[in-house]
Every structure is written in structure tokens, then in C-alpha cells.
Amino acid sequence: MRWRRMRDTPDVIDRRGARGGGGLPIPGGIRAGGGLGIVGLLVFLAITLIGGGGGAAFDVDNQFGDQVQTPGDPGSAAIPREQDPERDLRDFSAYVFTKAQEDWEQAFAEQGRPYERAELVLYRDGVSTGCGSASSAVGPFYCPADQRVYLDLGFYGDMASQLGAQGDFAWAYVIAHEVGHHVQEQLGTSAEVSRLSSEHPDQANPLSVRLELQADCYAGVWAHSVYSAGDLDPGDVEEATTAAASVGDDRLQREATGRVNPDSFTHGSAAQRTAWFNRGRASGQPADCDTFSPDGV
């Protein structure tokens, strides 16, 4: 994926130099404890949150500034860029997050809707959020309480080595998926799913699957805009679809336990995740991401 370094934005908060929280529960029964081995990580991902990543080199066009800025956030700590071993990944993540937000801001404006921008928090090991405290074992996630996406850059390598999801656009897909959850929060979709899940507990898992697949489709919508801008490189789409498939519930359950239980799915199968990403990518229209229609899933 073609990209460039951007000037620092208040939407990106770098907490990697600060001590984070950990070990406390966050909503949804997810407990952020210590590090997990490969089997533990697979099970955890299968029943909780999405992540993505890869191991390809980055292609940088331009660069600005000398230091990673951490504006206006208590607990932030600046890391000099020349001393930052994750500089490229940090700047690439910030670029993807910013561009995805700009595209959604424009899409909302075209519909006469306001769009409140999310923030991206980069952390290491553990972090305190509006949804509680979490360790890096959780993987990338979105917290609706503070409207922030949380990302431990170390997960990039974990996804490549443990799940075979490699490449910069695989990582971009992950970030775009989490931004998709923010879009759902802005549209009221997340609140409606939460209400329905409380009223009909037996439908909580199917509703979660529809919510996650819609976020995959929204990630595809953003991928369409990247393609339209001429910024995709050969193999980028394959990287993203491989990442989507790698975190399918069926694949993760099979890797972790050797068995697959569709009734316990919370994110969708590998085939579903890939299909909905591709649907959004093909059309570029958020309206085509209605996973909640009777025949949506």
C-alpha cells in the first residue's frame, strides 16, 4: 500500500512510553490477564476480539518531524522518532487510521450526518480505557465508552507468526475494521445490538456475528477508496482477505481445539468474513453492508 508520513494529529495518542493498566475485566466477559501462549491466544481471539497484522516492509513516500507527539493526554509519553524501533509501523498505523476517518467523515457529510472523530491509542503491554483495563493479549479493539481504538503494535508480528496474516494491508484491514466499529457507534447500530442482545440473550451471538461482519464490510468500503485513489499495490487485497479469513471463528476454533462449534461464533466464519470484506470492497457503498437484513448472513 502506498502511503506517506503525516504531520502529527491529536487523533493519535502514543502511550507506549507510559505504564498501562492490566488484569482487570472489560465489558463482555473479557478478562485481560497476562500473556497467552499460541493456543490461549487462538481461543481468546475466537471468542472475543479481532486482530490483524503481517510482516512486510513499508513503502514510505515522505516524512515529517523529528518526534512522536502525544498531545493532550495524561499518561502519554513522547518517544523520539530516531529512537523508536516501531517508527514505520507507528506512522503507517496513524496514516491508515487518519485516512479511514477522513473517508468516513466525507461519507457522513454526503448524507447530511455529523461525524465525531475517534482517537487511536497506541500502547504497550497494558492500557486503561473507558471500558476498563486490558493487556496486549486482547489484541486490537474499539471501546465505545471513550470512542477510541486501542492498538499494541507488537500484535503486528504476533499475527504474522501465529496466524499467518502478513503484509501492510493486512494490518490496514485490522485498523479499518476497528474504525468500522466506531462508524457503527456513530450510527447507533452498536447500541441497538446491545439492546436486542439484552432483550434476547439467545440471539446475542448471532447479533454479534452480524455486527462484526458489518465492520468487515465497512473495512472493505474503505479498501475500495484506497483502490480508487490508486494506492493499492499488487497483493494488497490478498493480504487483507487472508487476514480476514485467519480470524474466522471456525479457523480459530479448529486451530485451538480441533473442533468447530458454529453456535458459539461471535465474529463469523472465515468464508463469511472474507465475503463481506469483498462485498464492501467491490461496491464502495456502506448501504451494501446491511448484514442485519433477513438474508444478510
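This report describes the sheet, helices, nonpolar cores and salt bridges of a predicted model.

In this predicted model, local features require pLDDT of at least 70 and side-chain atom pairs count only at pLDDT 80 or more, while totals for chains, interfaces and linings use all residues. Residues are numbered from 1 along each chain as its sequence is written, and side-chain values use heavy atoms, with hydrogens and water left out.

**The sheet**

Helices (H or I, at least four residues) and strands (E, at least two) are DSSP runs, numbered from the N terminus. Two strands are taken as paired if DSSP finds at least two bridges between them. An open sheet of 4 strands follows the order β1-β6-β10-β9, and its pairing is mixed. The edges are held by β1 and β9 (141–143), each with a single partner strand, so one side of each has no neighbour in the sheet. On average, neighbouring strands of this sheet are turned by 25° against each other, direction ignored.

Strand β1 (residues 12–14) pairs with β6 in the parallel sense over 3 bridges, and Val12 has Leu120 of β6 as its bridge partner. Strands β6 and β10 also run parallel and are joined by 5 bridges; here Val121 is matched with Tyr150 in β10. Strands β9 and β10, by contrast, run antiparallel and are joined by 3 bridges, with Val149 of β10 as the bridge partner of Tyr142. Helix α2 packs on the sheet and touches β1, β6 and β10, where contact means heavy atoms within 4.5 Å. The direction of α2 makes about 160° with that of β6; axes are lines fitted to C-alpha atoms, for helices over the stretch in contact, and angles run from 0 to 180 degrees between N-to-C directions.

Burial is judged by relative accessible area: buried is under 20%, exposed over 50%, and partly exposed in between (1.4 Å probe, protein chains only). Of the 5 residues of β6, 4 are buried, so this strand is largely enclosed by the rest of the structure.

**Nonpolar cores**

A nonpolar core is a set of buried Ala, Val, Leu, Ile, Met, Phe, Trp, Tyr and Cys residues joined through side-chain atoms within 4.5 Å. The largest such core has 54 residues, and those with the most contacts inside it are Met1, Phe97, Trp104, Phe169, Trp171, Tyr173 and Trp222. Elements that each supply at least two residues of this core include α2 (87–110), β6 (119–123), β10 (148–152) and α6 (204–228). Helix α4 gives the most to this core, with 10 residues. A second, separate core of 10 residues includes Ile13, Tyr123, Phe141 and Tyr150.

**Two helices with a buried side**

In helix α3 (residues 155–163), the residues Phe155, Tyr156, Met159, Ala160 and Leu163 are buried. They cover an arc of only 145° around the axis, which puts them on the same side of α3; the arc is that of the directions from the helix axis to the C-beta atoms. Just after α3, Gly164 adopts a positive phi of about 70°.

In helix α8 (residues 249–257), Asp249, Asp250, Leu252, Gln253 and Ala256 are buried. Viewed down the axis of α8, its buried residues fall within an arc of 165°, so they line one face of the helix. Gly258 follows α8 and has a positive phi, near 80°.

**Salt bridges**

A salt bridge is a side-chain nitrogen of Lys or Arg within 4 Å of a carboxyl oxygen of Asp or Glu. By this rule, the count comes to 10 salt bridges. The table gives three of these pairs with the distance between their closest N and O atoms.

| Pair | N to O distance |
|---|---|
| Asp11 and Arg117 | 2.6 Å |
| Arg117 and Glu105 | 2.9 Å |
| Arg195 and Glu199 | 2.9 Å |

Asp11, in the segment before β1, and Arg117, in the loop between α2 and β6, are 106 residues apart, and their salt bridge links distant parts of the chain. Asp11 counts as buried at 13% relative accessibility, whereas Arg117 counts as partly exposed at 26%. Arg117 also forms a salt bridge with Glu105. Glu105 lies in helix α2, so this pair ties together parts that are 12 residues apart in sequence. Glu105 is partly exposed, with a relative accessible area of 33%.

Arg195 and Glu199 both lie in helix α5 (residues 189–199), 4 residues apart, about one turn of the helix. Arg195 counts as partly exposed at 38% relative accessibility, as does Glu199 at 46%. Elsewhere, Asp14, Arg16, Arg90 and Asp91 are linked in a network of salt bridges.
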